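User: I would like a close look at a single helix in this model, along with enough of its surroundings to place it in the chain. Please go through the reasoning step by step.

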Amino acid sequence: LVSGGAGQLQEFVCRLIYLAGPVQCCLMDVRTQVVSECCVTLAYLAQEMRCEVRHCGVGINSSLATDNRMMRFVKLDRFILYLLPSILLLLQHKSKFIINSGVVCIRFILHHSYSPGFLPIICR
């Protein structure tokens, strides 16, 4: 959906919050493939939704476009902030595959998303 352009719609990010519970259940799953796909999806979302903020349009309504894109970015940050403790718990798993998936996911999130709310969660 995101690669098809749905990530540009305000409704998409608003509805994304409703998927936080099911995504968190997938992160806590015992099957490595489920956890890996969930981590890849979250990393992809962080990468693609951040790109929208970087490439703000320039023109007559550029301030309105920037505000709209920033609002989407803030809502995505809330989604990631909710899931970040669960992603950090993956680093304590006994499976090396799940640990690597969690590390890659966290790396993408921290590289492509800048939120001051990440710091208190990581430092805990």
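Analyst: What follows takes helix α5 as the part to examine, starting from the chain as a whole and ending with other sites that can be read in a similar way.

The model is a predicted one, and its chain has six helices and zero strands, so that the order of elements from the N terminus on reads α-α-α-α-α-α. Of the 124 residues in the chain, 38% are buried. The chain exposes about 7400 Å², and carbon and sulfur atoms supply 63% of that area. Among the contacts with a separation of 6 or more, 70% join residues that lie 24 or more positions apart.

Helix α5 covers residues 96–112, which makes 17 residues. At 1.5 Å a residue the helix should span 24 Å, and its end C-alpha atoms are indeed 24 Å apart, in agreement with that expectation. Its buried residues are I98, S101, G102, C105, I106, I109 and H112. When the helix is viewed down its axis, these buried residues fall within an arc of 150°, and therefore they line one face of α5. The general background is that an α-helix has 3.6 residues a turn, so residues three or four places apart point the same way. On the other side of α5, K96 and R107 are exposed.

One residue on the buried face, C105, deserves separate attention. Its relative accessible area is 1%, and C105 therefore counts as buried. The closest cysteine sulfur to that of C105 belongs to C39, at 4.6 Å, which is too far for a bond. Seen from the other partner, the sulfur of C39 has C105 as its closest cysteine sulfur, again at 4.6 Å and again too far for a bond. A disulfide would require the two sulfur atoms to be within 2.5 Å, and by this rule the count comes to zero disulfides. C39 is itself buried, at 2% relative accessibility.

The arrangement of buried residues can be set beside that of helix α2, residues 20–27, whose buried residues are A20, V23 and L27. Down the axis of α2 they fall within an arc of 65°, and so they line one face of that helix as well.

Helix α6, residues 118–123, contains I121. With a relative accessible area of 13%, I121 is buried. Leaving aside residues up to four places away in sequence, I121 touches L81, L84, P85 and L88. For L84, which is 37 residues from I121 along the chain, the C-alpha atoms of the two residues are separated by 7.4 Å.

A charged pair completes the picture. The structure holds one salt bridge, in which the side chains of D29 and R31 meet at 2.7 Å, N to O. In general terms, side chains of opposite charge can pair when their charged atoms come close. The two partners differ in their exposure: D29 counts as buried because its relative accessibility is 19%, under the 20% limit, whereas R31 counts as exposed because its relative accessibility is 52%, over the 50% limit.

Methods:
Residues are numbered from 1 along each chain as its sequence is written. This is a predicted model: local features need pLDDT of at least 70, side-chain atom pairs count only at pLDDT 80 or more; totals for chains, interfaces and linings use all residues. Side-chain values use heavy atoms; hydrogens and water are left out. A salt bridge is a side-chain nitrogen of Lys or Arg within 4 Å of a carboxyl oxygen of Asp or Glu. Buried means under 20% relative accessible area, exposed over 50%, partly exposed in between (1.4 Å probe, protein chains only). Helices (H or I, at least four residues) and strands (E, at least two) are DSSP runs, numbered from the N terminus. The expected span of a helix is 1.5 Å times one less than its number of residues. The arc is that of the directions from the helix axis to the C-beta atoms. Contact means heavy atoms within 4.5 Å. Accessible areas come from the Shrake-Rupley method with a 1.4 Å probe; for residues, only the protein chains shown count as cover.
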